[in-house]
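Trainee: Could you take one part of this model and go through it closely, beginning with the whole and then narrowing down?

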Amino acid sequence: MSDTGRKDFTTKAKEEITPDSTKSTQDKGKETFTDTTGRASRGLQTDDSKGVGQEAFDKAQRGSDNHGHGGATGSVGDKVKGALGLGGN
């Protein structure tokens, strides 16, 4: 079950396991759009106002996004420096 305007878990799972090579350009575009709007909705709605399943899924997705995209823990300046190869790691 998902909250209003959001993909439910089974729809999202089905999209993830279906190889991109079997999807049409239209399907890929639709998934990108709905994923983006879902992420925006995720950020606008507080966790305590979500269904239990949606809350758990959103927390897991935030963790994945943070790990895969540099996370919310790094500053924008640090991310720009890293992208430009100026980071001092």
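Mentor: The accessible surface of the protein comes to about 6,700 Å², with 58% of that belonging to carbon and sulfur atoms, where areas are obtained by the Shrake-Rupley method with a 1.4 Å probe and, for residues, only the protein chains shown count as cover. This is a predicted model, in which local features need pLDDT of at least 70 and side-chain atom pairs count only at pLDDT 80 or more, while totals for chains, interfaces and linings use all residues. Residues are numbered from 1 along each chain as its sequence is written, and side-chain values use heavy atoms, with hydrogens and water left out.

The protein has four helices and zero strands, these being DSSP runs (H or I, at least four residues, for helices; E, at least two, for strands) numbered from the N terminus. Helix α2 covers residues 25–44, and its 20 residues should span 28 Å at 1.5 Å a residue, which agrees with the 29 Å between its end C-alpha atoms; the expected span is 1.5 Å times one less than the number of residues.

The buried residues of α2 are Glu31, Asp35, Gly38 and Arg42, buried meaning under 20% relative accessible area, exposed over 50% and partly exposed in between (1.4 Å probe, protein chains only). Seen down the axis of α2, these buried residues fall within an arc of 65°, so they line one face of the helix, the arc being taken from the directions from the helix axis to the C-beta atoms. The face turned away from that buried side carries exposed residues, including Lys30 and Phe33.

Leaving aside neighbours within four places in sequence, aspartate 35 is in contact (heavy atoms within 4.5 Å) with Lys7, Lys12 and Glu15.
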